[in-house]
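Thanks for sharing this one with me. Here are my notes, set out as numbered points so that you can go through them beside the viewer.

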There are 2 protein chains.
Amino acid sequence: MRIGELSRRTGVSVRSLRYYEEQGLLSPVRRPSGYREYGEGDVTTVRAIRLMLAAGLNTATIAELLPCMVEDGELLTPACSGMLPDLHRERERLNDAVAELLAARDVLDSIIAATAPAPDGDLVCPVSPGRSA
Amino acid sequence: MRIGELSRRTGVSVRSLRYYEEQGLLSPVRRPSGYREYGEGDVTTVRAIRLMLAAGLNTATIAELLPCMVEDGELLTPACSGMLPDLHRERERLNDAVAELLAARDVLDSIIAATAPAPDGDLVCPVSPGRSA
DNA sequence: TTGGACTCTGACATTGGCGTGAGAGTCAAT
DNA sequence: ATTGACTCTCACGCCAATGTCAGAGTCCAA
C-alpha cells in the first residue's frame, strides 16, 4: 500500500510516517516512481512505534528496539531479553522525571503556602501584560 | 553592580541574566556606555526567578508573578492573593504532567512484561547502531 | 488525454531556556 | 597609551516530533 493508506489505517500523519523512515524505524520499498510501498506488517510496526513513543521512548531508542521484536498477531512483542536492560533504563528515566516534577510541585506548594490568604497588606496586582513602572 | 558580579553572586550565567531581561523579568538601569547596572534587590529577584523556574513555571508566567512579590529579608514572597489562581493552575499542570509520565511508565511496564525472560526463542539482537540488514 | 487525487523532496516553523562565538566598544590599572 | 578583563548586541545551534508550504512529478479512472 502507499503512504496515504498506511496513514489512514494507522491514524498517523503522512509527515510522521516519512519522519519515522528518516529515523530508520520503517523501510518501505520504493517504486520506480519513487513512491513508497508498504507491506501489511508495517501497520503493526507503526502501532508498536506509537506505543513506544507514548511510553516516552525517543525514535533513536525505538530504532534499537524494533529489530528485537516479532509479530505476534496484531501486535509486536519484544523477542530478546537483551532489551530488558534498555527498557529498565527507560523506566528509570521516567521515574526520575516524575521525581523531578514532584519536587517542582513541592517548591510551588511552598510558594503557595507563603502567599498570604488576603490579610491587609494585600496588593492589587497589575493586569497580566503591563510591566509599565 | 554590573552583570558579571550579579552572575557570580547568584551563580546564574551572564547569558541567562540577559535572557531574563529580554523576557521582562529584570530591568537593570543602563549606564551611558550601555552597561547594565543592577541593584542589591536584583540578587533576591534572580533567586526568586530560579526558584520559580525550578518549580516548572515558564518565564512568561514568572513575568506576571514577579510584580506581585515583595522582599522579605533574603527572599521574595508573594504579596497578593490574586496570584493564587495562577499558582494553582500551574500546580494542576504539574499534576497532569506527572500523570502523563506515570501513564507512559505503565505502557512501558506492559512492554517489559511482554518480554520473555529468556526461553528458547530468544533472539540475539544486533548491537546498538547497526541497522545494516 | 485530461484532471483530480496522490506522492515526492526540501526546507522552514514551532517550544524554551539557554550555550557559544563574532566583532566591537568600555573600564581601570599600570 | 597600552593592555587585559569586562560588556555590548546580534544571531545561530540545540532537542524532538510534527505541521505546513512550495513546486514538481505520478497514478488512474472516465
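1. Which element gives the most to the surface near DNA strand C? That is α2(B), with 4 residues; helices here are DSSP runs of H or I with at least four residues, strands are runs of E with at least two, and both are numbered from the N terminus.

2. Some housekeeping before the details. This is a predicted model, in which local features need pLDDT of at least 70 and side-chain atom pairs count only at pLDDT 80 or more, whereas totals for chains, interfaces and linings use all residues. Residues are numbered from 1 along each chain as its sequence is written, chains are lettered from A and ligands numbered from 1 in the order in which they are written, and side-chain values use heavy atoms, with hydrogens and water left out.

3. DNA strand C is surrounded by 21 residues (near means that a heavy atom of the residue lies within 4 Å). The closest are A:G4, A:R18, A:R36, B:S16 and B:Y35. Of the strand C atoms that come within 4 Å of the protein, 68% are sugar and phosphate. By class, the surface has 6 nonpolar, 7 polar and 8 charged residues. Here Ala, Val, Leu, Ile, Met, Phe, Trp, Tyr, Cys and Pro count as nonpolar, Asp, Glu, Lys and Arg as charged, and the others, Gly among them, as polar.

4. Chain B reaches phosphate oxygens of DNA strand C through several side chains. Polar side-chain atoms of B:S13 and of B:Y20 each lie 2.7 Å from such an oxygen, and for B:T59 the distance is 3.1 Å. A polar contact is a pair of N or O atoms within 3.5 Å. The elements that give two or more residues to this surface are α1 (3–10) and α2 (14–22) of chain A, together with α2 (14–22) and α3 (41–54) of chain B.

5. Now for DNA strand D, which has 21 residues around it. A:S13, A:Y35, B:G4, B:R18 and B:R36 come nearest. Sugar or phosphate makes up 69% of the strand D atoms within 4 Å of the protein, and bases make up the rest. The classes are 6 nonpolar, 7 polar and 8 charged.

6. Which element provides the largest share of the surface near DNA strand D? It is α2(A), with 4 residues. Side-chain N or O atoms of A:Y19 and A:Y20 each sit 3.0 Å from a phosphate oxygen of strand D. From the other chain, a backbone N or O atom of B:G4 lies 2.6 Å from a phosphate oxygen of this strand.

7. The tyrosines deserve a look of their own. There are 2 aromatic pairs over all chains. Rings of Phe, Tyr and Trp (its six-membered ring) pair if their centres lie within 6.5 Å, and planes under 30 degrees apart count as stacked, over 60 as edge-to-face and the rest as tilted. A:Y19 and A:Y20 have ring centres 6.3 Å apart and planes at 55 degrees, so this pair is tilted. B:Y19 and B:Y20 are also a tilted pair, at 6.3 Å and 55 degrees. A:Y20 is buried at 4% relative accessible area, while A:Y19 is partly exposed at 33% (buried is under 20%, exposed over 50%, partly exposed in between, with a 1.4 Å probe and protein chains only).

8. Finally, the buried residues of α1(B) are B:I3, B:L6, B:S7 and B:T10. They cover an arc of only 100 degrees around the axis, which puts them on the same side of α1(B); the arc is that of the directions from the helix axis to the C-beta atoms. After α1(B) comes B:G11, with a positive phi near 75 degrees.

Definitions and conventions:
A polar contact is a pair of N or O atoms within 3.5 Å; within protein, one must be able to donate a hydrogen and the other to accept it, and residues adjacent in sequence count only if both atoms are side-chain atoms.
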